[in-house]
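User: I have just opened this model and would like a careful walk through it. Could we begin with what one of the terms means?

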Amino acid sequence: MKCKITNKELKPFMSFGKMPIANGFLNKENFKDEFFFNMEVGFNEDISLFQLNDHPKPEKMFNAKYPFFSGSSEYMKKHFKNYSEYVKKFLNTNSKIIEIGSNDGTFLKNFINQSDKFIGFEPSKNVAELAIKNGVPTIINFFNKSSAKNLKEYVGKTDLICASNVICHVPDLNNLIEAVDILLSKNGTFVFEEPYLGAMLDKVSYDQIYDEHIYMFSASSISKIFKKYKFELVDVIPQSTHGGSMRYVIKREKNEVNNNVNKILNFEKEKKIDKIESCIEFKKNCEISRQKILGKLKSFKDEGKSICGYAATSKSTTILNYCNINSDYIDYICDTTKEKVGKYSPGMHIPIKDMNYFHNNLTNCVYLFAWNHKEEILNKEKNFKGEWFSHVEI
Ligand code: TMP
């Protein structure tokens, strides 16, 4: 499917090659039917938007077997608690809080005992059911104009719509913004957090790019996109999550705009984050990063060292497939998610093992795929005396 939010034809500036579904962990018998797409990225200069050229159908990614649970990280649980405190100031009336892509309810759970007025949209049935079990009312559906209209019939308009790491997953952004328009009250606020393009360019963390991340946003792109619908970017707050994210606060136009917005917009202009030039530089840096990590892996192997991966992240699918790293280099990847353990990594088919296996089969070196959870993981694994490494600085 093409990702188009303006009529402009996108010219990809880089290809990461044949890529499988990032969260498509699979059994041996499914190797022969594995789905691949050509992962190319482009930059729409009219709206300063970094995006995939083409992406698999959302149903291929977000289904009853979706193996990602927000609550799998203690750091993220704390983050969502703080986020829930932050958004309370936007609640004026008795309206419901709506979360788009509420996953296992980790964010909305924070409102239990404080308010019974919240509801999530989550299309992946297995995670949504966990949220419902945990006391978070959840509509098992994609958030779009049609599901927003249905909800409005029951609950009316709302003062607050939230989302985290989900807006960049939505192919039809036009439809999403129209859905927000349907549900949001006149003085309502739409707050969402997404991995930040500026951080990705700076860290050369190209592993942020995978099938689910159709867009990599910046303040420039968000401001331009929402303006088309008479919404205004009124605040931006940098976040440390996911290796560098941004919280965007959107209101209907003619609202007071915080100074942060101009500061970040000027910063992006200075660094050319709003222009294709930064992407061309990024492409060169990705190629250098690939050579460097392959060199590192080869030298470990030449020294007779064993290597495993830590955390079978969605991001690791991009690294492994772009750099063509298979089990000749990496013996296994350990992960805490039971839905992934016993399966194989998408594309490169490296076995996924549980944490007991890791502790009983320690390798000399560990590739930290969850580099964004470094503090939490290194703290847990203090007994490991070998070498941690990654393609970004850790
Ligand atoms: P993500 O990068 O796609 O969000 O996935 C994070 C993955 O990392 C998820 O499969 C759980 C795994 N993980 C661990 O195995 N151990 C940990 O300590 C943490 C924080 C995450």
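Analyst: On a 1 Å grid over the protein atoms alone, a pocket is an open set of points where a 1.4 Å probe fits, with protein on both sides within 12 Å along at least five of seven lines, and its lining residues have an atom within 4 Å of a point. The model is predicted, so local features need pLDDT of at least 70 and side-chain atom pairs 80 or more, while totals for chains, interfaces and linings use all residues. Residues are numbered from 1 along each chain, and side-chain values use heavy atoms, without hydrogens or water.

User: How many residues line the second largest pocket, and which lie nearest its centre?

Analyst: Its lining has 21 residues, and those nearest the centre are Asn23, Gly24, Phe25, Leu26 and Lys65.

User: Switching to the ligand, which residues come nearest?

Analyst: Ser314, Asp335, Thr336, Lys340 and Lys380 come nearest among the 15 residues around the ligand, where being near takes a heavy atom within 4 Å.

User: Which polar side-chain atom lies 2.5 Å from an oxygen atom of the ligand?

Analyst: That atom belongs to Ser314, while side-chain polar atoms of Thr337 and Lys315 lie 3.1 Å and 3.3 Å from a ligand oxygen. The protein buries 97% of the 490 Å² that the ligand exposes when taken alone, with areas from the Shrake-Rupley method and a 1.4 Å probe.

User: And what is phi at Val204 and Asn324?

Analyst: Val204 has a positive phi near 50 degrees and Asn324 one of about 60 degrees, although neither is a glycine. Val204 counts as buried because its relative accessibility is 13%, and buried means under 20%.

Note on methods
Buried < 20%, exposed > 50% of the residue type's maximum accessible area, 1.4 Å probe, protein only. Polar contact = N/O pair within 3.5 Å; in protein donor to acceptor, adjacent residues only side chain to side chain.
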